[in-house]
Amino acid sequence: MEWYLAVLKNYAGFEGRAHRREFWMFTLVSVVISIVLTIIDRILGIRVIDNLYTLAVLLPSLAVGARRLHDTGRSGWWQLLSITVIGIVPLIWFWAQEGSTEANKYGTVPAPAAA
């Protein structure tokens, strides 16, 4: 949960780099929350709660995605690939790759990920 909260605290931070763990833990927690809210929406017969949550985490999701791409030496603009369904495949590949072990044009190597 601390990874999720760390991303929310840096919700509009498109600068710098993010470890794989930071990105994937945020994504995991966000998906679980979204599933729970979708179930609640269906029980209540509405479609508002999950949509509001999705809107609320849109900017933090884009920011951590960009920082993750920066860690692999790519521009955050690569996220535009997600506009097409097929474009999400290379994005997932990029996000899953190990980050560079040296400083790059996007910043220094992020601090070691906490266990």
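1. Arginine 20 and its surroundings. In this predicted model, arginine 20 is in contact with Arg68, Trp95, Ala96, Gln97 and Glu98, once neighbours within four places in sequence are set aside. Arginine 20 belongs to helix H2. Its relative accessible area is 36%, so arginine 20 is classed as partly exposed, a label for values between 20% and 50%. A separation of 26 Å lies between the C-alpha atoms of arginine 20 and leucine 52, which stand 32 residues apart along the chain.

2. Overall architecture. The protein chain contains five helices and zero strands. Read from the N terminus, its elements follow the order α-α-α-α-α. Along the principal axes, the C-alpha atoms occupy a box of roughly 50 × 30 × 20 Å. The chain has 115 residues, of which 34% count as buried. Among contacts with a separation of 6 or more, 66% join residues 24 or more positions apart.

3. The nonpolar core. Fourteen residues make up the largest nonpolar core, and those with the most contacts inside it are Tyr4, Phe26, Tyr53, Val57, Val64, Leu69 and Trp95. At least two core residues come from each of helix H1 (2-9), helix H2 (20-44), helix H4 (58-71) and helix H5 (88-96). H2 provides the largest share, four residues. As background, nonpolar side chains in soluble globular proteins tend to be buried together.

4. Leucine 69 within the core. Leucine 69 is among the core residues with the most contacts inside the core. Not counting residues up to four places away in sequence, leucine 69 touches Arg74, Ser75, Gly76, Trp78, Gln79, Leu91, Phe94 and Trp95. One of these partners, Trp95, is also listed among the best-connected members of the core, and Trp95 is likewise a contact of arginine 20.

5. The largest pocket. What volume does the largest pocket have? The value is about 410 Å³. Its lining comprises 20 residues, and the closest to its centre are Phe26, Thr27, Ser30, Val57 and Ser61. Phe26 and Val57 also appear among the core residues with the most contacts inside the core. H2, helix H3 (49-56), H4 and H5 each contribute at least two residues to the lining, and H2 gives the most, with six residues. By residue class, the lining has twelve nonpolar, eight polar and no charged residues.

6. The second largest pocket. This pocket holds about 220 Å³ of space. Its lining consists of Phe14, Glu15, Leu62, Ala66, His70, Gly76, Trp77, Gln79, Leu80 and Ser82. The classes here are five nonpolar, four polar and one charged. Two of the lining residues, Gly76 and Gln79, are also touched by leucine 69.

7. Arginine 17, a buried charged residue. Arginine 17 is situated in the loop between H1 and H2. Is this residue buried or exposed? Arginine 17 counts as buried because its relative accessibility is 9%, and the class requires a value under 20%. Its side chain reaches the backbone oxygen of serine 100 at 2.7 Å. A polar atom of the same side chain lies 3.0 Å from the backbone oxygen of glycine 107. Beyond neighbours within four places in sequence, arginine 17 is in contact with Arg67, His70, Asp71, Ser100, Glu102, Ala103, Asn104, Tyr106, Gly107, Thr108, Val109 and Pro110. His70, included in that list, also lines the second largest pocket.

8. Serine 34 and aspartate 50. Serine 34 is a residue of helix H2. Which side chain does the side chain of serine 34 meet in a polar contact? The partner is the side chain of aspartate 50, at 2.7 Å. With neighbours within four places in sequence left aside, serine 34 is in contact with Asp50 and Tyr53. Tyr53 is one of the core residues with the most contacts inside the core.

9. Tryptophan 93, an exposed aromatic residue. Tryptophan 93 is located in helix H5. Its relative accessibility is 57%, which is over 50%, and tryptophan 93 therefore counts as exposed. The C-alpha atom of tryptophan 93 is separated by 35 Å from that of isoleucine 43, with their positions 50 residues apart along the chain.

Key
Residues are numbered from 1 along each chain as its sequence is written. This is a predicted model: local features need pLDDT of at least 70, side-chain atom pairs count only at pLDDT 80 or more; totals for chains, interfaces and linings use all residues. Side-chain values use heavy atoms; hydrogens and water are left out. A nonpolar core is a set of buried Ala, Val, Leu, Ile, Met, Phe, Trp, Tyr and Cys residues joined through side-chain atoms within 4.5 Å. Buried means under 20% relative accessible area, exposed over 50%, partly exposed in between (1.4 Å probe, protein chains only). Contact means heavy atoms within 4.5 Å. On a 1 Å grid over the protein atoms alone, a cavity is a set of points where a 1.4 Å probe fits but cannot get out, and a pocket is an open set with protein on both sides within 12 Å along at least five of seven lines; lining residues have an atom within 4 Å of a point. Grid points are joined across faces, edges and corners, and a volume is the space filled by probe spheres set on the points. Ala, Val, Leu, Ile, Met, Phe, Trp, Tyr, Cys and Pro count as nonpolar, Asp, Glu, Lys and Arg as charged, and the others, Gly among them, as polar. A polar contact is a pair of N or O atoms within 3.5 Å; within protein, one must be able to donate a hydrogen and the other to accept it, and residues adjacent in sequence count only if both atoms are side-chain atoms.
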